[in-house]
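The following exercises are meant to be worked through with the sequence and the structure at hand. Each task is followed by a solution in steps.

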Amino acid sequence: MAFVERVFSGVQPTGNLHLGNYLGAIVNFVKMQETHNCIYCVVDLHALTQPVEVWGGPSELARNTREVTAAFIAAGIDPKKHIVFNQSQVSGHAELAWIFNCVARVGWLNRMTQFKEKAGKDRENASVGLYDYPVLMAADILLYRATHVPVGDDQKQHLELSRDIAQKFNNDFGDSIRGHGFNDGMYFPLPEPFITGPATRVMSLRDGTKKMSKSDASDYSRINLTDDADTIAQKIRKAKTDPEPLPSEEKGLEPRPEADNLVGIYAALSERPKAGVLREFGGGQFSSFKNALVELCVAKLSPIAAEMKRLVADPGHVDAILIEGADRARAIAAETMKATQDIVGFVRKR
Ligand code: TRP
């Protein structure tokens with residue numbers, strides 16, 4: 001069966017969104033609206049997998065859920081044409097995750113590098129949810145039988161796991177799937193990651209070898225989506241560089257992670273290739289390039305920050321968007337859950 005192409009992606013409501021989230025994921029969310037039906041989810045169930053001190057407790061969770069929603073809308077996601085909602089409000093995510101828990105193998109999860117990183121040394125003390133996180137992620141995507149998933153490159157391995165789960169489900173239940181009218185035996189599609197753009201990996205402004213991250217102790221390492229123009233200017237002016245002028249060719253960036261990162265950010269925000277940026281700024285001093293970068297960042301990000309501020313000040317409006325989105329998501333999810341229950345052999349009301 002040819003699957004209808006559908007896009008699904010999620011962002012965790014666990015604290016400040018930054019330029020890395022924006023360029024690595026949200027920009028692609030916005031673009032894919034032109035070509036696909038899209039579902040964008042604030043994954044609040046995933047937020048709970050970390051210790052409560054990390055996600056901040058109930059009022060922080062609610063605040064961050066609204067803030068991520070506001071960022072989606074401010075960046076240009078249209079919640080009328082597409083679907084924006086928070087994960088906990090569609091029970092199918094947790095229900096399908098249980099079935100997938102019984103499809104996924106312990107050996108598969110043991111290979112997940114993000115779990116190893118996040119659990120750290122004290123693995124015994126990590127939540128079971130953190131370990132199971134990628135299975136819930138597979139359920140998120142496959143509950144809508146989504147085919148394309150725009151994500152940052154750190155999520156590639158989790159996407160592969162989603163494909164493995166879809167494939168094993170299709171194999172394990174192949175006869176039943178065919179028996180229920182899916183003649184090629186493929187009930188779930190194998191979702192494809194969609195990772196593009198010159199700055200899918202935005203690095204720290206203090207260390208070009210580390211990813212920009214909300215958990216970095218220094219706020220100077222990142223540009224938050226809610227930073228005002230002065231803050232953005234200060235952070236870029238203080239960003240680490242090296243004493244050499246900018247190269248004129250992309251090759252010259254290779255041994256210079258900080259220069260590469262700043263040129264990548266400029267390229268992504270101006271929607272130009274890095275080579276074109278270097279043609280303009282190559283040979284010049286960092287200080288003048290940084291001035292241009294400040295101008296570009298402020299021009300691109302301050303309208304988003306202003307719109308986010310406006311939206312967050314009206315939580316009733318944001319909540320209404322999420323509620324309406326969840327209603328529409330639930331209707332799609334209900335179809336998948338009914339078919340899945342039939343395929344697995346759960347007796348249900350008709
Ligand atoms: N794990 C993703 C991240 O941290 C968030 C996420 C949860 C997600 N479920 C998803 C992304 C489903 C894409 C599809 O970035």
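**Exercise 1.** In this predicted model, determine in which helix Glu 324 lies and whether Glu 324 counts as buried, partly exposed or exposed.

*Solution.* Step 1: Glu 324 belongs to helix H15, which covers residues 315–344. Step 2: the relative accessibility of Glu 324 is 32%. Buried requires under 20% and exposed over 50%, so Glu 324 is partly exposed. Step 3: Glu 324 can also be placed relative to a residue elsewhere in the sequence. Val 84 is 240 residues away along the sequence, yet the two C-alpha atoms are 8.3 Å apart in space.

**Exercise 2.** Locate Glu 271 and Arg 145, and state which of the classes buried or exposed applies to Glu 271 and to Arg 145.

*Solution.* Step 1: Glu 271 sits in the loop that joins helix H12 (257–270) and H13, while Arg 145 sits in the loop between H8 and S4. Step 2: consider the backbone. Glu 271 has a positive phi of about 55 degrees although it is not a glycine. Arg 145, likewise a residue other than glycine, has a positive phi near 45 degrees. Step 3: apply the cut-offs. Glu 271 has a relative accessible area of 62% and is therefore exposed, as the limit is over 50%. Arg 145 has 18% and is therefore buried, as the limit is under 20%.

**Exercise 3.** Describe the setting of Lys 274 and find the side chain with which its own side chain makes a polar contact.

*Solution.* Step 1: Lys 274 lies in helix H13, residues 274–281. Step 2: with a relative accessible area of 16%, Lys 274 is buried. Step 3: the partner is Asp 260, whose side chain makes a polar contact of 2.8 Å with the side chain of Lys 274.

**Exercise 4.** Assign His 148 to a secondary-structure element and give its C-alpha separation from His 36.

*Solution.* Step 1: His 148 is part of strand S4, residues 148–150. Step 2: its relative accessibility is 17%, so His 148 counts as buried. Step 3: His 36 is 112 residues apart from His 148 along the chain, and their C-alpha atoms are separated by 9.2 Å.

**Exercise 5.** Characterise the surroundings of the ligand: how many residues surround it, which element gives the most to the shell, and which polar side-chain atoms lie at what distances from ligand nitrogen atoms?

*Solution.* Step 1: the space occupied by the ligand is the largest pocket. Step 2: there are 13 surrounding residues, the closest being Gly 10, Tyr 133, Met 137, Asp 140 and Gln 155. Step 3: strand S1 (6–11) and helix H8 (128–142) each contribute at least two residues to this shell, and H8 gives the most, with 4 residues. Step 4: by type, the shell holds 7 nonpolar, 5 polar and 1 charged residues. Step 5: turn to the individual distances. An N or O atom in the side chain of Tyr 133 is 2.6 Å from a nitrogen atom of the ligand. For Asp 140, the distance from a polar side-chain atom to a ligand nitrogen is 2.7 Å. For Gln 155, the corresponding distance is 2.9 Å. Step 6: on its own the ligand has 360 Å² of accessible area, of which the protein covers 89%.

How values were computed
Residues are numbered from 1 along each chain as its sequence is written. This is a predicted model: local features need pLDDT of at least 70, side-chain atom pairs count only at pLDDT 80 or more; totals for chains, interfaces and linings use all residues. Side-chain values use heavy atoms; hydrogens and water are left out. A residue is near a molecule or strand if one of its heavy atoms lies within 4 Å of it. A polar contact is a pair of N or O atoms within 3.5 Å; within protein, one must be able to donate a hydrogen and the other to accept it, and residues adjacent in sequence count only if both atoms are side-chain atoms. Accessible areas come from the Shrake-Rupley method with a 1.4 Å probe; for residues, only the protein chains shown count as cover. On a 1 Å grid over the protein atoms alone, a cavity is a set of points where a 1.4 Å probe fits but cannot get out, and a pocket is an open set with protein on both sides within 12 Å along at least five of seven lines; lining residues have an atom within 4 Å of a point. A molecule sits in a cavity or pocket if more than half of its atoms lie within 2 Å of its grid points. Ala, Val, Leu, Ile, Met, Phe, Trp, Tyr, Cys and Pro count as nonpolar, Asp, Glu, Lys and Arg as charged, and the others, Gly among them, as polar. Buried means under 20% relative accessible area, exposed over 50%, partly exposed in between (1.4 Å probe, protein chains only).
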